[in-house]
Every structure is written in structure tokens, then in C-alpha cells.
Amino acid sequence: MKKRIDIIAGARPNFMKIAPVIRAIQDQLKNKEFLDFRLIHTGQHYDAKLSATFFDQLGIPEPKVNLEVGSGTQAEQTAGIMIKYEKLLLQSRSDLCLVVGDVTSTMACAITAQKLCIPVAHVEAGIRSGDWTMPEEINRLATDAVTNWFFTTSEIANENLTKAGIEQNRIFFVGNTMIDTLLANMTRFKPPEFWSDLSLDTKKYIVLTLHRPSNVDEMSSFSSLLSSVGRYSRGLPVIFPVHPRTAKSLSNLCDVPQNIHVVDPQPYLEFNYLVKHAKAVITDSGGITEETTVMGVPCMTLRDSTERPETVTIGTNELLGTGPDALEPAMDKLFSGNWKLGSIPEKWDGKTGERIVEHLLKILDS
């Protein structure tokens, strides 16, 4: 009899991470293996620009279930997801719950499944920033506390789990599924609609993304940060795809530097075209630092800590902190041509999805 796993997706980063796993399961289904899946969209990201376009562009099948949780506070979203996922599992159980990353959906579904004695596998387990003010860090800690099987992206993540007392036979160093998606789609990247309108040219613009509360919630610091980006970019256009959370803060600002071009959230293929051809990326996202590392694009992270230290020690990323003054020396290094070249971390090779499914087959057959 076929075993079935639930694959949970709730927010934009999840979609990139589940695509290689689904593709690998579909490949083994052609060989009549015994593993099947049920894709569950929690509805945590309900904007089509952050959700539906990713399913279309990445070839992800339509979800079997959409919990349609929608907006709300951290607690409201967590409760809504848990209530609806529990109801689904009571009606129709699966043999394993596979969660990815560190969003609210990840934590909520992992806890719900485990309370119903359904084992949990966590893709991107073990990463830590050490910053408990970040909701994502709490999600990581809570998810890994109830996880049975840990799929990791780096040796650093392995060490974090080992220090937490996790047995070695439950940890699988498989690589990075988001990089699987990046490598599989790189030849399909395409310029966004505004490329010509803004007269953009390769390596002659900068990409900016900001959404962390520490950067965008306090108006004076957010304004100072944008002013510094505009000032130190030496007249280059700065393309700023605005996350819904950031848009609320941005609407309250009176003055944005003229060379910062605010645009809508971009679909996957268009956004990564922008990143690949940029002079540099300024961000407070973790996932983008992984993509810039693989594409060899200089990256500046406006945070005091990172859960992806390999992007700094091995890759093209530099951790600048949240003070706007840190941008000036970093930009000087960029424009003088002295930014580090970086290299690609181990097992970020486009084969992570296959490795995960190989382990899942053995786990569910034991």
C-alpha cells in the first residue's frame, strides 16, 4: 500500500523549497514506487503575487487542500492553521508531515501533526540565528523540538542539531532545495515588465529588499536606511520590490530617494533575473543571500545576525548590521571592485530533492 506524506506550503519561500521534492516524488511515481503526497497550502500568503504565480512558474501542481487562513497576527495565523490542519488530519490522516523552512505554517503544522502522532520531517532543519527577537527563530526552535527527521543544508546546521542532543541517525545532510529550484530555472529567467521603462542594464543597478521589523517598523530608522541606500548607490537605480508588510510602512514616509524605484513583488523568474544581473543586492532576507551566493552576486545583509553563516564564510554575502552608516564602507568596497568572489557550499548542486526522497522512502519503509 502506498504511503502518503503531507507537504506543507504557506509562504513565498516555501514554494521554492517544495518544488524539487515534489518533482522527485513524481519521478519515482513513474517507477511505481510506494510514496505519494498531498500538497497543502495553508493560505498564509494570500496575495496572488506572493503565491499563485510561484505555483505557475515553478510547475508546482495545484494544492490538494487550501486551508485559506489569510491574514492576522502571529497568534491568529498559528491558531487558524492548527485548527484547520487538525480537522483535515482527523478526517484523512497521512503517514508523515513534511515541513520546510521557518514560517508560521512550518511550526503550526509540525506541532499539529506530532500531537496526532504523525511523524514530522523538517527540510532546512538546524539553522539558527541566535536572535530570539525574530519570529522565524522561534519557529525554527519549536519546529525542530517536535521533528523526527532532520534534512539539513550545511555542516553548521548539523552541528547545531548535534549540540541540541539530536541523534546522528535522525540527521541527513542533503543540501539546499531552494538552490535546486534556482539551478533548474536559471535558463528561464526573464526581465520584468519595467526593465525597459527604467532603462535598466546589466550590472548597472542595485536590488533592495526589506521586510524585517527591525528595519521597516520604526519610521525614522526606515527613512534613514532608505536615504543611505539612495546616497551611497552613486546614482545607480535601486529596484525595490516591496513586500506587503513593508508597503504599510512605506506609505507613511514622505520622502524616498529619487533613484529608489518602488515596484510590486515580483514573480520568481523575474525577480531572480533582476538579482542575477544586478551590481549588488541589499537585503534583510536569508534566502536571497543563498541565491546571490550561487549566482556570484555581491550581497549586503542589513541584519546583526544570520541563520545562514555559510553565505558569509563561503559565499558572496557580508553581514553589515542595521545601522545605515555601515553601508558606506561596503559600497566603497563594491564600487572599487574589491568585493569577494565567494564559492558555492557543499551539496548545493541541484540534487537535494532526490536525496530527500531517497531518505523518505527508507524512512517510510522501515
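Begin with the open sheet of this predicted model, in which seven strands lie in the order β3-β2-β1-β4-β5-β6-β7 with parallel pairing. Select β3 (65–66) and β7 (171–173) next: these strands stand at the edges, and each has a single partner strand, so one side of each is left without a neighbour in the sheet.

Now display helix α3, residues 74–91, which packs on the sheet. The helix touches β1 (3–9), β2 (35–41), β3 and β4 (96–100). Its direction makes about 150° with that of β2.

Return to the β7 edge and add strand β6, residues 149–152. Three bridges join β6 and β7, which pair in the parallel sense. To view a bridge in this region, select T152, whose partner in β7 is F173.

Proceed to T177, which is placed in helix α7 (residues 177–185). Is T177 buried or exposed? The relative accessibility of T177 is 4%, and because buried means under 20%, this residue counts as buried. To see what surrounds T177, show its contacts beyond the neighbours within four places in sequence: M16, K17, P20, V21, V123, T352, G353 and I356.

Finally, select strand β9 (residues 238–241) together with strand β10 (residues 260–263). These strands run parallel and are joined by four bridges. Between them, the chain passes from β9 through helix α10 (residues 244–250) to β10, forming a right-handed β-α-β crossover. To close the tour, centre the view on P241, which stands opposite V263 in β10.

Key: Residues numbered from 1 in each chain as written. Predicted model: local features only at pLDDT ≥ 70, side-chain atom pairs only at ≥ 80, totals over all residues. Heavy atoms only, no water. Pairing = 2+ DSSP bridges. Helix = DSSP H or I, 4+ residues; strand = E, 2+ residues; numbered from the N terminus. Right-handed = clockwise from strand over helix to strand, strands pointing away. Buried < 20%, exposed > 50% of the residue type's maximum accessible area, 1.4 Å probe, protein only. Contact = heavy atoms within 4.5 Å. Axes fitted to C-alpha atoms, helices over the stretch in contact; angles between N-to-C directions.
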